[in-house]
Amino acid sequence: MQPLAIVFYERLMPGSQLVNRLQDLNYRVLAIDNAARLAATVHREMPLLLIADVASKGWINDAIKKVRDTEATSHIPIIAFAPDKATDLIAAAQAAGANLAVTESALGSHLTQMLEQALHVE
């Protein structure tokens, strides 16, 4: 059985590329484009991992915080990413509770290592 990764994105280029790369790594991927439904979807589907593009029009950091603050989903690793020059978005995602908050180029170049880091059990 393939592990499930939920990917939230509104920007087509980085989001669809990420979905394809995860599928190449044998993940089953559920793509979401509505920040308001993200926390409920994570709660219902219980993925192994959540990856979110925080350069969105929606309230994605509120959704990240809700996932992190809900007992049933608080254990799910969250990787947030934003455009390379959007350090404010990266900092806000960290404050909301993302395990890792990185730039698009870092995620693209080091996806496998970031997945390992996010999924590492202490």
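This is a short selection-by-selection tour of a predicted model.

**Stop 1: Asp53**

Select Asp53. It sits in strand β3, which spans residues 49-53. Is Asp53 buried or exposed? Its relative accessibility is 0%, so Asp53 counts as buried.

Now show its polar partners. The side chain of Asp53 makes a polar contact with the side chain of Arg11 at 2.8 Å. The Asp53 side chain also reaches a backbone atom: the nitrogen of Ala55, at 2.9 Å.

Next, display the surroundings of Asp53. Leaving out residues up to four places away in sequence, Asp53 touches Phe8, Tyr9, Arg11, Pro14, Ile60, Phe81 and Ala82. Keep Ile60 on screen. It belongs to the next stop, helix α3.

**Stop 2: helix α3**

Select residues 60-69, which form α3. Colour Ile60, Ala63, Ile64, Val67 and Arg68: these residues are buried. Why do they lie on the same side of α3? They cover an arc of only 135° around the axis, which puts them on one side of the helix. The spacing rule behind such a pattern is simple. An α-helix has 3.6 residues a turn, so residues three or four places apart point the same way.

Turn to the face of α3 that points away from the buried side. Lys66 and Asp69 are there, and both are exposed.

What covers the buried residues of α3? The cover includes strands β1 (4-8), β3 and β4 (78-82). It also includes helices α2 (35-45) and α4 (87-96).

**Stop 3: α2 against α3**

Add α2 to the selection and draw both axes. The axes of α2 and α3 come within 8 Å and cross at roughly 15°. That angle is under 35 degrees, so α2 counts as roughly parallel to α3. The crossing is right-handed.

Show the side chains at this contact. From α2 come Ala35, Leu38, Ala39 and Val42. From α3 come Ile60, Ala63, Lys66 and Val67. Ile60 appears again here; it was also among the residues touching Asp53. Lys66 takes part in this contact, yet it is one of the exposed residues of α3.

**Stop 4: α1 against α5**

Hide α2 and α3. Select helix α1 (residues 12-24) and helix α5 (residues 104-119). How do their axes cross? They come within 12 Å and cross at roughly 20°. α1 and α5 are therefore roughly parallel to each other. This crossing is right-handed.

Pick out the residues that meet. On the α1 side, choose Pro14, Leu18, Arg21 and Leu22. On the α5 side, choose Glu104, Leu107, Gly108, Leu111 and Leu115. Pro14 is a link back to Stop 1, where it touches Asp53.

**Stop 5: three loops**

Start with Ser74, in the loop between α3 and β4. Its relative accessible area is 32%, so Ser74 is partly exposed. Beyond its neighbours within four places in sequence, Ser74 is in contact with Val67 and Arg68. Both of these are buried residues of α3. Measure from Ser74 to Ile64, C-alpha to C-alpha: the distance is 9.8 Å, across 10 residues of sequence.

Move to Asn26, in the loop between α1 and β2 (28-32). Check its backbone. Asn26 has a positive phi of about 70°, although it is not a glycine.

End at Met46, in the loop between α2 and β3. Met46 is not a glycine either, and its phi is positive at about 50°. With 37% relative accessibility, Met46 counts as partly exposed.

Key. Residues numbered from 1 in each chain as written. Predicted model: local features only at pLDDT ≥ 70, side-chain atom pairs only at ≥ 80, totals over all residues. Heavy atoms only, no water. Helix = DSSP H or I, 4+ residues; strand = E, 2+ residues; numbered from the N terminus. Buried < 20%, exposed > 50% of the residue type's maximum accessible area, 1.4 Å probe, protein only. Polar contact = N/O pair within 3.5 Å; in protein donor to acceptor, adjacent residues only side chain to side chain. Contact = heavy atoms within 4.5 Å. Arc of directions from axis to C-beta. Axes fitted to C-alpha atoms, helices over the stretch in contact; angles between N-to-C directions. Parallel < 35°, antiparallel > 145°, perpendicular 65-115°, else oblique. Left-handed = near helix turned anticlockwise from the far one by under 90°.
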